Amino acid sequence: MLATGALSSPLDPGRGRALVRVKYRVPVTKTEAILGAAVEAIGGAPRDGQRAMAEAISTAFERGDHLLVQAGTGTGKSLGYLAPALAHLAENPQSRVVVATATLALQAQLANSDIPAAVKAASTVTGRTITSAVLKGRSNYVCLLRAREGQDGGQSTLLGGGELAERLRESAADATSVLGAEVVALREWAEEEASDGGLADRDDAPTHTPAAWAQVSVPVRECLGAAQCPFGAECFVERSRDIARVSQLVVTNHALLAIDAMHGGTALPEHDLLVIDEAHELVSRVTGAASHELSPQQVERVAKRCLPWLDDDLGLEFLETADTLRSALDAAPVERVTDPDGELALTLQLIREVSRRAVSALGGGDDDSDKKQASAAAKEVLDVADQMASMKPTDVVWVSERERFGRWLVVAPLDVALLMRDKIFAETPAVLTSATLKLGGEFETVARSVGLWRDERLDGRDDEPDEDAVGWRALDVGSPFDYSSQGILYVARHLPPPGRDGIGAEALAEVAELLWAADGRTLGLFASQRNAEAAARHCREELPDKTILCQGDAQLSELTRRFIADPQASLFGTLSLWQGVDVPGDTCQLVIIDKIPFPRPDEPLLQARQRAVAEAGGNGFMAVAAAHAALLLAQGSGRLIRRTTDRGVVAVLDPRLRTARYGGYLRSSMPPFWSTTDREVAVAALRRLAQAASAQTG
């Protein structure tokens, strides 16, 4: 049964429990005062969970402990950690706090919205104005050497570069002309930034394609360094780092945090405290930052770049290694590379030897910047080939393939826990926070993945840990949402388990019926692009009056905009939708998950990690595959309820969520919705919600 405008269940017929409003009390600490002022400034309401989070973080800062805080969607995590951070900085002006987020987009949200409000509140409370800065990786800023090299007087026109690029895009000009105009616009903008003391941050740049940005930026390894670059005194990267070094609060991202750890603290300014937001993504982001690729196209491109400074024989030999690598990749299976005497391993040894001779030949006291950058590119090929050829047990090397780009090699660390433990957490007290830190109902899985061991947890402990222990505590502050009355988890237990041949006919019929009941308003999260496209085709045929958007039809940002603009539209897609879409309200009243999102059984890195756990005596499936699935299920099902007035259904079409032994572990990682396996209950709930939504908009 369902009461108008609110979900109910047979356990709670028609009532839909009201959320308890937190009564504001007089703050007793600076953290509480700052939090209260910031919440009031943004027109929010005080929340128990947010206050508990801020108080716990303040205590952790005082103790120097590590703290894991799970704060459900709607808690207000950003202000929950910014308030104690700013209180600490106000009392310790010489201190510095680094906040690391998962993505550049989250960095921008903090810098442009949350931090200004919190800093203003802190200034009102403490009388001190905390300074802040955003710090990104080198490739996010214009390189003046790249922007200025090769320019000639013939590029000036009556139109500015930006206006010319826009005119060309509107007239559907050829891609080369548009690219050229975009590069001119970026160069003009970079000069303005240099004159005005700006940072030439890509987020502020004129409209451009990745290809255009590549013409004015430089990879880390090819940077000459400020001391050797002719424009080092004006370098935007150095300017951003100078600003960070004199700021008390520095916002960065997980990748730069990882780079700082791997390179001896050279990327970030010294700091006393660390906050890691969206910490559930930390392992993935650190792994990505520590991974490297090597492709025939890359080797060929670098070899051609080096040719002007190599003798003919060495230049030709370097070029030929690209063809040798291409042939070896074509003959190899798309899987992990383990044979040190196999064709791929021998090819890597050859590339290592030839690129080493190329680097040696490119050395010397020459001031030619092109030669120095070519040498740096060759050195990168040498280093990656050397790491891959070594095949250390701590690394995983594998062949990867995409239809458009062909095959290439990837190397990634088997485990990043020790890196984070030794280079991040052993150095700096840290707070890790996310809406998803408890998997299977406990914190230990996530803690272990980042290098915090189970026997070092301090909660409720009477004895003192060892001197070299990295002690940590954990806290779940809950959520302001009443999931059991706001949402239903429907598991289609009657369906057959999903197979390897794509989504089945029974599941497709279920998708169409649920979407019909919801009158659109559906976010479909699918295990593969093939499944998403099959479901979109089926629903378009069965429900021709419904708007079905599918990832791949257009840019994801455009599809999301259309999904939000049309409440009765539905959006189907894959992994990028599981965590990247925030659509509160009637637009999303049904989330469909077609299959438990286990990693692909042939995914080399996770396969290797699973095997390593098993060899150490653990349960590799639960520690790796099930934990991976639990995290994605928590994130995917969390798309449904984004505010206190949201209502809806999460429909999982994989019966294993109910029938398999690991099902309970996975369900305990999801929001605590009221649960059913009865399709008619789910359909009736969706019909009532759709009617209520239509009545409100009609």
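**Notebook: cysteines, loops, a pocket and some distant pairs**

I began with C229, which has a relative accessibility of 18%, so C229 counts as buried, the limit being under 20%. I keep in mind that this is a predicted model.

I then looked for disulfides. How many disulfides does the rule give? The count comes to zero disulfides. I checked C229 against its nearest cysteine sulfur, which belongs to C143 and is 5.9 Å away. A disulfide needs two cysteine sulfur atoms within 2.5 Å, so C229 is in no disulfide. I did the check again for C306. Its nearest cysteine sulfur is that of C223, at 17 Å, and C306 is in no disulfide either. Is C306 buried or exposed? I read a relative accessible area of 0%, so C306 is buried.

**Overall build**

I stepped back to the whole protein. I noted 27 helices and 17 strands. How does the radius of gyration compare with the globule rule? The radius of gyration is 27 Å, and the rule gives 26 Å for 698 residues. The two values are close, so the protein is as compact as a globular protein of that length. I also noted the box that the C-alpha atoms fill along the principal axes, roughly 85 × 65 × 65 Å.

I wanted to know what share of the residues is buried. Of the 698 residues, 52% count as buried. I turned to contacts next. Among contacts with a separation of 6 or more, 76% are between residues 24 or more positions apart.

**The second largest pocket**

I opened the second largest pocket. I noted its volume as about 270 Å³. Its lining has 13 residues. Which residues lie nearest its centre? They are D260, G265, H271, K423 and E427. I then asked which elements give two or more residues to this lining. The answer is helix 10 (254-262) and helix 16 (417-425). Helix 10 gives the most, with three residues. I sorted the lining residues by type and got five nonpolar, four polar and four charged.

**Loop residues**

I looked for positive phi values outside glycine. A200 has a phi near 50°. I found A200 in the loop between helix 7 (175-196) and helix 8 (210-214). This loop residue has a relative accessible area of 0%, so A200 is buried.

R521 also turned up. Its phi is near 50°, again a positive value in a residue other than glycine. R521 sits in the loop between helix 19 (505-518) and strand 12 (522-525). Is R521 buried or exposed? I read 3% relative accessibility, so R521 counts as buried.

I went on to Q551, in the loop between strand 13 (548-550) and helix 21 (556-565). At 15% relative accessibility, Q551 counts as buried. What does Q551 touch, leaving out residues up to four places away in sequence? I listed Q529, L556, L559, F572, G573, T574, S576 and L577.

**Pairs apart in sequence**

I took G441 next. G441 is in the loop between strand 9 (430-434) and helix 17 (444-449). I read 41% relative accessibility, so G441 counts as partly exposed, the class between 20% and 50%. I compared G441 with S668. They are 227 residues apart in sequence, and their C-alpha atoms are 5.6 Å apart in space.

S637 came after that. I placed S637 in helix 24 (residues 620-637). Its relative accessibility is 0%, so S637 counts as buried. Which residues does S637 touch, not counting those up to four places away in sequence? I noted I593, V650, M670, P671 and F673. I checked I593 more closely. S637 and I593 are 44 residues apart in sequence and 8.2 Å apart from C-alpha to C-alpha.

I ended with A685, in helix 27 (residues 679-697). At 2% relative accessibility, A685 counts as buried. How far is the C-alpha atom of A685 from that of R642? I read a separation of 19 Å, for two residues that are 43 apart along the chain.

How values were computed. Residues are numbered from 1 along each chain as its sequence is written. This is a predicted model: local features need pLDDT of at least 70, side-chain atom pairs count only at pLDDT 80 or more; totals for chains, interfaces and linings use all residues. Side-chain values use heavy atoms; hydrogens and water are left out. On a 1 Å grid over the protein atoms alone, a cavity is a set of points where a 1.4 Å probe fits but cannot get out, and a pocket is an open set with protein on both sides within 12 Å along at least five of seven lines; lining residues have an atom within 4 Å of a point. Grid points are joined across faces, edges and corners, and a volume is the space filled by probe spheres set on the points. Helices (H or I, at least four residues) and strands (E, at least two) are DSSP runs, numbered from the N terminus. Ala, Val, Leu, Ile, Met, Phe, Trp, Tyr, Cys and Pro count as nonpolar, Asp, Glu, Lys and Arg as charged, and the others, Gly among them, as polar. Buried means under 20% relative accessible area, exposed over 50%, partly exposed in between (1.4 Å probe, protein chains only). Contact means heavy atoms within 4.5 Å. The radius of gyration is taken over C-alpha atoms; the globule rule is 2.2 Å times the number of residues to the power 0.38.
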